[in-house]
Amino acid sequence: MTSENRGYPLRNPHPAADGKVWNWAQNSTLGDKNAVCAPESESELQQLVAASRGKIRVMGSKMSPGRMLKLVEQGDTLVDLSKLRGLIAITDDSATFAGGTPLHEVYEILSGIGRMLPASPGVIASQSLAGALSTGTHGQGLQQSSIADEALSIRLVLADGSIAEYDRDHKWFPAVQLGLGSLGVLTQVTLRTTPSVVYTCFKNAVSADTLEEDLLDWNHNYALSKAWWFPNENQVHVWAAREANAEEIALYQDNNEDLVKQEETSDAMNETIDQTLEHMRSDTKILDENGKPFRTVTRFKDFSDVTGDVYQVFCRGIATPQINVEIGIPLARAGEVIRKIKAWHADTQPHMHYPIILRCTGPSSSWLSPAYQQDTCFFGFVVYYSEDGSLSEEGVNFLRAVEEVLAEEGGRPHWGKYFEAPLYDWAALYPQWHEFASVREALDPQHKFENAFTAALLD
């Protein structure tokens, strides 16, 4: 069975000048370039939305799977919010940004004034703020949840072109926090901020024999924690961060507030990484071993503890086209899921060229968040594209099989990543599913903001 009919599109590494808009991964066209509108102001956006007779999708940074953004018919519109960006207002404990602001700009602006979001960042920061909220972007640590959970108020342009603002007291706020782009165009977000904190992150390589128990210990004993599990080698690379002490803060300040790397390094992961790279070379046929896919793995070699702010420590991802599947499991069941993956891995010996990523968060108030009302462990799986844009059959089979395991355990997939929709009973997974659908009917009765993907989900 080919990767195309397993739900994972092939990539075109050299798209022709065909007048089409491609998503970031270049594995899907979103529509014709002449369907793109980039309003200069909110009022211009209002006029565009009100006058539209077709469907409207906001494309943000185009990092989500193409199905979330893809236009269906001639006359539909792709909205580019890149001109609606930047800081709009600031108070002692909040900041209001335009929806098209890239996350890295949000982080840079806040860091520049000694502030941070209470939610830790995702791996990369090129997403738009509106897109991050609409798909449930999250970081790591049980003391926080998704970025949307730090929103104090959200401003939308609705289907009739009118403006609506929702704050945390509004009954529909939990729907607006994570709306899949189906409720309106998100133009402004007011976010809660706190004083910037300096963290020291301890990095270790440990056996996976007791991962079920260790995962809970790391997350309960540290403010922020993230782990990479290499089942083939039965090894885990773990980052666990706490607030820095006075001595560590002084070193950080003496380093011009740049990330401080401890002089002592560990080579405990080097053999594991070399084996992982061998799998990657075989799978991808990528010739440039200094390319992004290889750098995402080689950075685990010769690691050391570090001290820095939350963005310097955790927002360290290297964006590279990939198929990324991430499923949220209630934290209370994470140990059982790990045991099942271990047993399944021992039986099948699947081919893997990237570790399983484990990030845990606290409960979310967003109705459609995979972490809605419960501590959640997100299991992440990655397969990189080959040089010619294809996917290894073993990698595809691995993704499909492991997603079935997690779906059977009641897993909820990350909306902005890849998943096989038929595996999930949405109304059973999300207690407020029908309430969300009712809000959508109230705000967009003509379904102006839907496409084939959201129609299949919500209709």
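A crossing of two helices counts as left-handed if the near helix is turned anticlockwise from the far one by less than a right angle, and as right-handed if the turn is clockwise. Keep that in mind, and keep in mind too that what you're looking at is a predicted model.

Let's put the definition to use straight away. Find helix α5, residues 211-221, and helix α10, residues 331-348. Their crossing is right-handed. The two pack at an angle of about 150°, and their axes lie 9 Å apart. Which residues do the touching? From α5 come Leu211, Glu212, Leu215 and Leu216, and they meet Leu331, Ala334, Gly335, Ile338, Arg339 and Lys342 of α10. Sorted by class, that contact of α5 with α10 has six nonpolar residues, one polar and three charged.

Helix α10 has another helix to pack with: α11, which covers residues 393-408. Here the angle is about 145° and the axes are 10 Å apart. This crossing, of α10 and α11, is right-handed. On the α10 side the contact uses Val337, Ile341 and Trp344, while α11 brings Phe398, Ala401, Val402 and Leu406. How do the residues in the contact of α10 with α11 divide by class? Seven are nonpolar, with no polar and no charged ones.

Now for the sheet that goes with these helices. It's an open sheet of nine strands with antiparallel pairing, and if you walk across it you pass β16, β17, β13, β15, β14, β19, β20, β18 and β21 in that order. Which strands are at the edges? They are β16 (260-261) and β21 (412-413), and each pairs on one side only. Helix α10 packs on this sheet, touching β14, β18 (322-330), β19 and β20 (376-384), and its direction makes about 125° with that of β18. Helix α11 lies across β18 and β20, running at about 165° to β20.

Zoom in on one pair of neighbours in that sheet. Strand β14, residues 224-230, and strand β19, residues 356-361, run antiparallel and are joined by four bridges. To see one pairing up close, look for Trp228, whose bridge partner in β19 is Ile357.

Time to look for empty space. The structure holds three cavities of 30 Å³ or more. The second largest has about 70 Å³ of space in it. Its lining is made of Phe230, Pro231, Asn232, Glu233, Thr276, His279, Met352, His353, Tyr354 and Pro355. By class, the lining of this second largest cavity has five nonpolar residues, four polar and one charged.

Finally, head back to lower residue numbers for another open sheet. Five strands build it, in the order β6-β7-β11-β9-β10, and the pairing is antiparallel. Why do β6 (87-90) and β10 (163-167) each have one side left without a neighbour in the sheet? They stand at the edges with a single partner strand each, so one side of each has no neighbour there. On average, neighbouring strands of this sheet are turned by 15° against each other, direction ignored. Within the sheet, β9 (residues 151-157) pairs with β11 (residues 185-192) over six bridges, in the antiparallel sense. Ser153 is one residue to pick out, as it stands opposite Thr190 in β11. A helix goes with this sheet as well: α2, residues 103-112, lies across β6, β7 (94-98) and β11, and runs at about 150° to β7.

Note on methods. Residues are numbered from 1 along each chain as its sequence is written. This is a predicted model: local features need pLDDT of at least 70, side-chain atom pairs count only at pLDDT 80 or more; totals for chains, interfaces and linings use all residues. Side-chain values use heavy atoms; hydrogens and water are left out. Two strands pair if DSSP finds at least two bridges between them. Contact means heavy atoms within 4.5 Å. Axes are lines fitted to C-alpha atoms, for helices over the stretch in contact, and angles run from 0 to 180 degrees between N-to-C directions. Ala, Val, Leu, Ile, Met, Phe, Trp, Tyr, Cys and Pro count as nonpolar, Asp, Glu, Lys and Arg as charged, and the others, Gly among them, as polar. On a 1 Å grid over the protein atoms alone, a cavity is a set of points where a 1.4 Å probe fits but cannot get out, and a pocket is an open set with protein on both sides within 12 Å along at least five of seven lines; lining residues have an atom within 4 Å of a point. Grid points are joined across faces, edges and corners, and a volume is the space filled by probe spheres set on the points.
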